[in-house]
Each structure stands twice: as structure tokens, then as C-alpha cells.
Amino acid sequence: MNSSEWQKSSFSEAASNCVEVRAREGVVELRESDDGEVVIRATPTTFAKLLQAAKAGEFDHLTTTP
């Protein structure tokens, strides 16, 4: 697992404000495309757990506006 190219979700389409991800030097890095200076790094295992939780809907409450 190693890709120095940032990848964004196909769900983002042409939007410039999305989350991008890449694998680099044994870690997975995430950033917002419109603020590329802030990068979050996680181990592949931790990233997999994050994806699993997101797919299970554990963060859905954060995506709705009151």
C-alpha cells in the first residue's frame, strides 16, 4: 500500500471541498482539499476501523444540520 497521489471520493464529483486520502510511508493520510496544510495521519488498521464505523453509520449524526 503506497500511493503518493492524493485520491478523492467519486462521490465528490468536481467539488473542490472534499476529503482526500493517500497512503505514504506506511501510514494513511487524510486532508481537506481546500485546506491542504492540515493532514491527519493514521495507521492502516486505524483507518480501516474509521471506514468501518463510517459505513455502519456511526457518524451520520454529524452530517445533519439542525
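What span should the 12 residues of H1 have at 1.5 Å a residue, and how far apart are its end C-alpha atoms? The expected span is 16 Å and the end C-alpha atoms are 16 Å apart, so the two values agree. The expected span here is 1.5 Å times one less than the number of residues in the helix.

This is a predicted model, in which local features need pLDDT of at least 70 and side-chain atom pairs count only at pLDDT 80 or more, while totals for chains, interfaces and linings use all residues. Residues are numbered from 1 along each chain as its sequence is written, and side-chain values use heavy atoms, with hydrogens and water left out.

**Overall layout**
- The chain has one helix and four strands, in the order β-β-β-β-α from the N terminus.
- Helices (H or I, at least four residues) and strands (E, at least two) are DSSP runs, numbered from the N terminus.
- Of the 66 residues in the chain, 17% are buried.
- Buried means under 20% relative accessible area, exposed means over 50%, and partly exposed lies in between (1.4 Å probe, protein chains only).

**Glu-29 and its salt bridges**
- Glu-29 lies in strand S3 (residues 27–32) and is buried, with a relative accessible area of 3%.
- The whole structure holds three salt bridges, each being a side-chain nitrogen of Lys or Arg within 4 Å of a carboxyl oxygen of Asp or Glu.
- Glu-29 forms a salt bridge with Arg-22 (2.7 Å, N to O), and both residues are buried.
- Glu-29 also forms a salt bridge with Arg-41, with the closest N and O atoms 2.9 Å apart.
- This second pair links distant parts of the chain, with Glu-29 in strand S3 and Arg-41 in strand S4 (residues 35–42), 12 residues apart.
- Arg-41 counts as exposed because its relative accessibility is 55%.
- Salt bridges that share partners join Arg-22, Glu-29 and Arg-41 into one network.

**Arg-31 and Glu-20**
- The side chains of Arg-31 and Glu-20 form a salt bridge (2.6 Å, N to O).
- Arg-31 is in strand S3 and Glu-20 in strand S2 (residues 19–24), so that the pair, 11 residues apart, links distant parts of the chain.
- Glu-20 counts as buried, at 13% relative accessibility.

**Helix end and surface**
- Gly-57, just after H1, takes a positive phi of about 85°.
- Phe-59 lies in the segment after helix H1 (44–55) and counts as partly exposed, at 33% relative accessibility.
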